[in-house]
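Please keep the structure open in your viewer and make each selection as it is named, pausing at every stop before moving on to the next.

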Amino acid sequence: MNVTFEMVRSSPEIRTYITQADASLTALGFTEHSFAHVTKCAEVAARILTQLGYTPKEVELARIAAYMHDIGNVVNRHDHALSGATMAFRILDKMGMEPPDVAAVITAIGHHDDSTAYPVNAIAALILADKTDVRRSRVRNKDMSTFDIHDRVNYSVERSEVLLDLPGRTVTLSLSINTEVCAVMDYFEIFLQRMLLSRKAAETLDLKFRLEINGQILL
C-alpha cells in the first residue's frame, strides 16, 4: 500500500504520540518539539531532496520520516531515536506501508539522535532539517531571567534560513543572532556537534555544509 505523508499527518494515533512526546519534553524543560518543529523538518527535508532531483517517492518518505522522527520522546528522551524507529515500524507496518519504504523511514529515524546519528541513506536530509531548526519561537520559557543556554541561543535567533545553492553544491544555515542575548560562542557550545552532523548529512547528499552567522561564514 502507498502510505502518503497526508495519511501520516492526519493519523490521530501519530498526532497523539507527537502531542504527548512534546508535553513530556515541556515538563523536562526542553524547547518546542511539537507540530511546528516536525512540520518544518518535513518541509525542509522534502525541499532539499526535491531541489536535488530525488524521486517523488524518496521525497515523500523523507517527509514521513521527518514528521515522525521525535515520537520516541513519548517513551523517554533517552534513546528516543531507537524508541521512535521501533514505534514507526509498528505504525507504518499496520498502515500497510511496503517493507522497503518502512525500512528507509525507520533507518532515518533511528539514526537522527545527536549521540548516535549517522546519515545512512538519502533521507538523511532529515538530519539537516532537524539539526538546523533553531529559532526564537522554540523557546517556551517566558522569563528571560531564568533562561538556560538553550533558551538564550534559540531566543537570540532573529532569522533562520536553510539555503541550497545547486551550482555551488552547498547547503547553508544562515542565521541572524542578537548578540546582546547570546554570544556566538554560546551557539557553538551547544550546537557544534549538530553542525558537524549536518556536515556529514550534506556530504551524503554530495553537498558541502556551511554555517553563516550575522553575515560571517563560520563553518
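## Helix against helix, then rings

In this predicted model, helix 3 passes helix 4 in a right-handed crossing. To bring this pair into view, select residues 35–51 for helix 3 and residues 56–68 for helix 4, whose axes come within 8 Å and cross at roughly 160 degrees. That angle makes helix 3 roughly antiparallel to helix 4, because angles over 145 degrees count as such. Now show the side chains on both sides: F35, V38, T39, C41, A42, A45, A46, L49 and T50 belong to helix 3, and they meet E58, V59, A62, R63, A66 and Y67 of helix 4. If you colour this contact by residue class, you should find eleven nonpolar, two polar and two charged residues.

Keep helix 4 selected and add helix 6, which covers residues 99–110. Helix 4 and helix 6 pack with their axes 9 Å apart and at an angle of about 45 degrees, and these two helices are therefore oblique to each other. Helix 4 passes helix 6 in a right-handed crossing. On the helix 4 side the contact is made by K57, L61, I64, A65 and M68, while helix 6 contributes D101, A104, V105, A108 and I109. Sorted by class, the contact of helix 4 with helix 6 holds eight nonpolar and two charged residues, and no polar ones.

Within helix 6, centre the view on A104. Is A104 buried or exposed? Its relative accessible area is 17%, and A104 is buried because the cut-off for that term is under 20%. Setting aside the neighbours within four places in sequence, A104 is in contact with L61, N121 and I123; of these, L61 has already appeared as one of the helix 4 residues in the contact with helix 6. For a distance to check in the viewer, draw a line from the C-alpha atom of A104 to that of D93, which is eleven residues away along the chain: the two atoms are separated by 12 Å.

The next selection is helix 2, residues 12–28, together with helix 5, residues 80–95. Their axes lie 11 Å apart, and the helices pack at an angle of about 165 degrees, so helix 2 and helix 5 are roughly antiparallel to each other. The crossing of helix 2 and helix 5 is left-handed. Show E13, I14 and Y17 in helix 2, and then M87, R90, I91, K94 and M95 in helix 5, since these are the residues that make the contact. By class, the contact of helix 2 with helix 5 comprises five nonpolar and three charged residues, with no polar residue among them.

The last stop concerns aromatic rings, of which the structure holds four pairs. Select Y187 and F188, whose ring centres are 6.0 Å apart and whose planes stand at 85 degrees, so that the pair is edge-to-face. Y187 is buried, with a relative accessible area of 0%, and F188 also counts as buried, at 16% relative accessibility. Finally, add F191 to the selection, and you will have one aromatic cluster formed by Y187, F188 and F191.

Terms used: Residues numbered from 1 in each chain as written. Predicted model: local features only at pLDDT ≥ 70, side-chain atom pairs only at ≥ 80, totals over all residues. Heavy atoms only, no water. Axes fitted to C-alpha atoms, helices over the stretch in contact; angles between N-to-C directions. Parallel < 35°, antiparallel > 145°, perpendicular 65-115°, else oblique. Left-handed = near helix turned anticlockwise from the far one by under 90°. Contact = heavy atoms within 4.5 Å. Nonpolar A, V, L, I, M, F, W, Y, C, P; charged D, E, K, R; others polar. Phe/Tyr/Trp six-rings, centres within 6.5 Å; stacked < 30°, edge-to-face > 60°. Buried < 20%, exposed > 50% of the residue type's maximum accessible area, 1.4 Å probe, protein only.
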